[in-house]
Each structure stands twice: as structure tokens, then as C-alpha cells.
Amino acid sequence: MSSFVETEEQQALRKAVAAMAANYGEKYYLEKARAGEHTTELWSEAGKLGFIGVNLPEEYGGGGAGMYELSLVMEEMSAAGCALLLMVVSPAINGTIISKFGTEDQKKRWIPGIADGSITMAFAITEPDAGSNSHKITTTARRDGGDWILSGQKVYISGVDQAQAVLVVGRTLREDGAHKSESLRPALFVVPTDAPGMSWTKIDMEIVSPENQFQLFLDEVRLPADALVGSEDAAIAQLFAGLNPERIMGAASAVGMGRFAINKATEYVKTRQVWKTPIGAHQGLSHPLAQNHIEIELAKLMMQKAATLYDLGDDGGAAEAANMAKYAAGEASVRAVDQAVQSLGGNGLTKEYGIASVLVASRLARIAPVSREMILNFVAQTSLGLPRSY
Ligand SMILES: Cc1cc2nc3c(=O)[nH]c(=O)nc-3n(C[C@H](O)[C@H](O)[C@H](O)COP(=O)(O)OP(=O)(O)OC[C@H]3O[C@@H](n4cnc5c(N)ncnc54)[C@H](O)[C@@H]3O)c2cc1C
């Protein structure tokens, strides 16, 4: 889309995704989460219908469309109460990186499965002692004959228990065992989840979600030469190729969640009546909801701009817009969810009405995949040319 009007195909896709997601909805999502189960049925139906791989190349089983379409899928699923984090990770980050930088064999091996949902690939960059400062990651790979030996630790890695493989961001060592550089010169490895030496423990989170987070331990994991995706050193462009999609999808998830909350609240306040009129007539409720709607629509516009620029190949323009969209959508959805809970009064805090559970989940949009503060740093430095404090 390079106009404000979505094409007929995009509108049809939106409708089809919304219709599929409505058959599951937040009740299904929360039931699965509370039972400690995964949303396997939803994932495999979305895969079969071509929604998960809509952005991936047609020759490897994808839909041949772009990030615009994938973000639309994410937004509609999230608006139906099914914001799946693995949509951000598997097709958007990993699918993009492998289809842009993988070898022919790697593409054939991974992309068709990622596209139809039969393969899920987690993504691991965050480390306990590095956090937002990815330059400090210490997961290292050294050569051993034709193989790679990978060691390190990762934290908050989503969906490892559902994944067949993890795309791990590490760095290669010099022959003498020293780090090549202080700054990040990443190397990306596909590590099958059954690789000897890789283990994980679940992190207990307060988020009600069918997807779990893990601490990942890589203890001298031996990988064949073709586990490396792209350059063995300074694959920064490759990593960045995955980061714009990640931010656009983070924004899409938050926009969808905001829509979900506003929808729930407006349905409720239209009928709930404790004075002469439904409570939605009181401006103390209608104005904040109108404000939430405006903020979500503005964030969505920036998300669409980011996806459009990305699909046109303007990575620099997409980076600024994707960061801004992720920031705006995160802030708008946190406020929308808070206002939705408020609009439902006591019912807002019950399990039955299904909105309180979103309170913690909505905060994720301020923290991951990149925090609000790191986006403000990016905009201050890149858009405004201000100096860094760190
Ligand atoms: C549910 C969930 C799922 C996740 N899934 C994944 C995943 O699948 N894969 C993966 O690799 N990671 C994942 N993450 C990790 C996520 O990307 C990080 O949590 C995030 O990047 C922040 O890092 P941190 O938690 O270490 O916070 P820290 O870096 O310790 O930051 C803590 C606070 O300090 C602020 N701060 C840090 N540096 C600065 C600075 N220079 N200026 C101003 N403020 C600063 C931050 O903004 C934040 O508010 C996930 C996290 C969560 C919560």
C-alpha cells in the first residue's frame, strides 16, 4: 500500500484473518493459557490458511506479500484477543532473515515450514548481563574443524518449548580466543531445540499467556557449518533486517490489543446503566475512550507507514517509522487497556470479563522487543541528532 486505501486483497485478508480469529477469541486464548497449554489449533489453522507465511517468498511456500500484510494478520489476531508473540518471532524476524540471507539449502529447509506453521523458530538475542545493550552479548561461537561450538546464556526467550529451532545471536571469536571487537559483530546460528548441550528453564511470568518465556543455556553446542546464517562476523545488516519487522509487529500487536480493549469497553458502556442513561453517555467515560481510539488510530497509521516503507525497500525510513510506531502503539495500548478496565468497574477485574488479564500483557509493549526508553534514545539521537548518555 502506498496510499491510505488498502487494496482489495489487503481488505480481503483482513476480513479472512478476523473471521478465523473470531472462532478462537480471547476465551480460547485465556483457557489455553490457564491450562498451561499452547494455541496449537489456532497456529496450525493460521499456517494452513497462509496467514503466518504471508510475507515470505512464494517459491518457498510463502504468500509473496510483505510486512504490511503480516502486520495486518498480527493486528487482526490481536484485536480478537489472540496476540501471539511467536508471530513476531517466527515469520517476521526469522523468516525475513533466512529468506534474505540464508543459503538456498537453508531457505528450502526452514522457510516452507515457518510459512505453513509446521515449524516454529524462536529468536534469542537477550542475555542476562547485556539486556538492552546488545553490544555486550557474550554468547560465542568458535570453529572446531568444519563445525561451530556455541556457548552462552539467553533470557526471556519466547516459545522455546514450542519451537523446533532457535535463531541464536552470538559473536565469533578470533583464532586466539579473544573477542574481535567491543562493538557487536553478530553471527546468527540456527540451533535445533534437540541439539545436545542446549537446555532451558521456564521463567515464571505474571502474564496470562499460552506462550512461555525461557532462560536458555548453550553449553558447547556443536553445530554443523551450515547452521550459520549469512556472514560469520559483522552480520549487523542481517540482524537489522529482522529488527524493523520485529518493531512493526510489536506495534501491530499493541494496536490490536488496544482495539480489543476499546471494543470491550464500548460494548459494555453502551448497555450498562446505573443512572438515567447508559454509562457510556457520561463524558468521564466517553472522552477517554474516544482519546484511546484516536491514539490507536494514529499509532496504526505510523505502523502502516513503517510497513509500507519497509516493503518499498527503504530500510532507513522504515527504522524511524517502525520505532515511532512501536512506541506510540505501546503507549496507546497501555492507556486503552487501563481505561477499558476502568470502564467496566468491578467487572473489569473479574476473570469472566477477560480484560484484567490483559493489563500485564499490555505492559509488554513498553518493554519488548525494545523498551520505550531505548526507542526514545534512538529518536533523540537519530531523528534529532542529540548526543548519547551511554
Ligand atoms: C514477555 C517477554 C518476551 C520476550 N521475548 C524475547 C525473545 O523471544 N527473544 C529475545 O531475545 N528477547 C525477548 N525478550 C527480552 C526483551 O527484548 C528485553 O526484556 C528488553 O529488550 C529489555 O531488556 P531487559 O529486560 O534486560 O531490560 P534492561 O536492559 O535491564 O532495562 C531495564 C530498564 O532500563 C531502561 N534502560 C536501559 N538502558 C537504558 C538507557 N541507555 N537509557 C534509558 N533507559 C535505559 C530500559 O528501558 C528498561 O526500562 C522478551 C521479554 C519479555 C518480557
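This report looks at how helices pack in the structure above, and then at a few single residues.

The model is predicted, so local features need pLDDT of at least 70, side-chain atom pairs count only at pLDDT 80 or more, and totals for chains, interfaces and linings use all residues. Residues are numbered from 1 along each chain as its sequence is written, and side-chain values use heavy atoms, with hydrogens and water left out.

## Packed helices

Two packed helices are described by the angle between their axes and the distance between the axes. Axes are lines fitted to C-alpha atoms, for helices over the stretch in contact, and angles run from 0 to 180 degrees between N-to-C directions. Helices (H or I, at least four residues) and strands (E, at least two) are DSSP runs, numbered from the N terminus. The table lists three pairs.

| Pair | Axis distance | Angle | Citation |
|---|---|---|---|
| H5 (residues 85-101) and H7 (residues 236-271) | 9 Å apart | about 150 degrees | |
| H8 (residues 283-311) and H9 | within 8 Å | roughly 160 degrees | |
| H4 and H5 | within 11 Å | roughly 165 degrees | |

How do H5 and H7 run relative to each other? They are roughly antiparallel. Angles under 35 degrees count as roughly parallel, over 145 as roughly antiparallel, 65 to 115 as roughly perpendicular and the rest as oblique. H8 and H9 are also roughly antiparallel to each other, and so are H4 and H5.

Handedness adds a further detail. A crossing is left-handed if the near helix is turned anticlockwise from the far one by less than a right angle, and right-handed if clockwise. H5 and H7 cross in a right-handed way. H8 passes H9 in a left-handed crossing. The crossing of H4 and H5 is right-handed.

Next come the residues that meet. Contact means heavy atoms within 4.5 Å. On the H4 side, Leu-70, Val-73 and Met-74 make the contact, and on the H5 side, Met-87, Val-88, Pro-91 and Ala-92 do. By class, this contact of H4 with H5 has 7 nonpolar residues, no polar and no charged. Here Ala, Val, Leu, Ile, Met, Phe, Trp, Tyr, Cys and Pro count as nonpolar, Asp, Glu, Lys and Arg as charged, and the others, Gly among them, as polar.

H5 also meets H7. The H5 residues there include Ile-93, Thr-96, Ile-97 and Lys-100. Among their partners in H7 are Leu-239, Gly-242, Pro-245 and Glu-246. The contact of H5 with H7 divides into 11 nonpolar, 3 polar and 2 charged residues.

For H8 with H9, crossing at roughly 160 degrees, the contact has 19 nonpolar, 6 polar and 4 charged residues.

## Enclosed helices

How many of the 10 residues of H2 are buried? The count is 7, so H2 is largely enclosed by the rest of the structure. Buried means under 20% relative accessible area, exposed over 50%, partly exposed in between (1.4 Å probe, protein chains only). The buried residues of H2 are Gly-25, Glu-26, Tyr-28, Tyr-29, Leu-30, Lys-32 and Ala-33. Their cover includes helix H1 (8-22), helix H3 (40-48), H7 and H10. Just after H2, Gly-36 takes a positive phi of about 70 degrees.

H10 has buried residues too: Ala-356, Ser-357, Val-358, Ala-361, Ser-362, Ala-365 and Arg-366. Helix H2 (25-34), H7, helix H9 (315-343) and H11 are included in what covers them.

## Single residues

Ser-71 sits in helix H4 (residues 67-79). Is Ser-71 buried or exposed? At 2% relative accessibility, Ser-71 counts as buried. A polar atom of its side chain lies 2.8 Å from the backbone oxygen of Tyr-68. Not counting residues up to four places away in sequence, Ser-71 touches Ile-248, Met-249, Ala-252, Met-303 and Ala-307.

Two residues other than glycine have positive phi. Tyr-156 has a phi of about 60 degrees and lies in strand E3 (residues 147-158). With 48% relative accessibility, Tyr-156 counts as partly exposed. For Glu-220, phi is near 50 degrees. Glu-220 is in strand E7 (residues 213-223) and, at 42% relative accessibility, counts as partly exposed.

Where is Pro-369 found? Pro-369 is in the loop between helix H10 (356-367) and helix H11 (372-383). A cis peptide bond joins Ala-368 and Pro-369, with omega about -5 degrees.

Technical notes
Polar contact = N/O pair within 3.5 Å; in protein donor to acceptor, adjacent residues only side chain to side chain.
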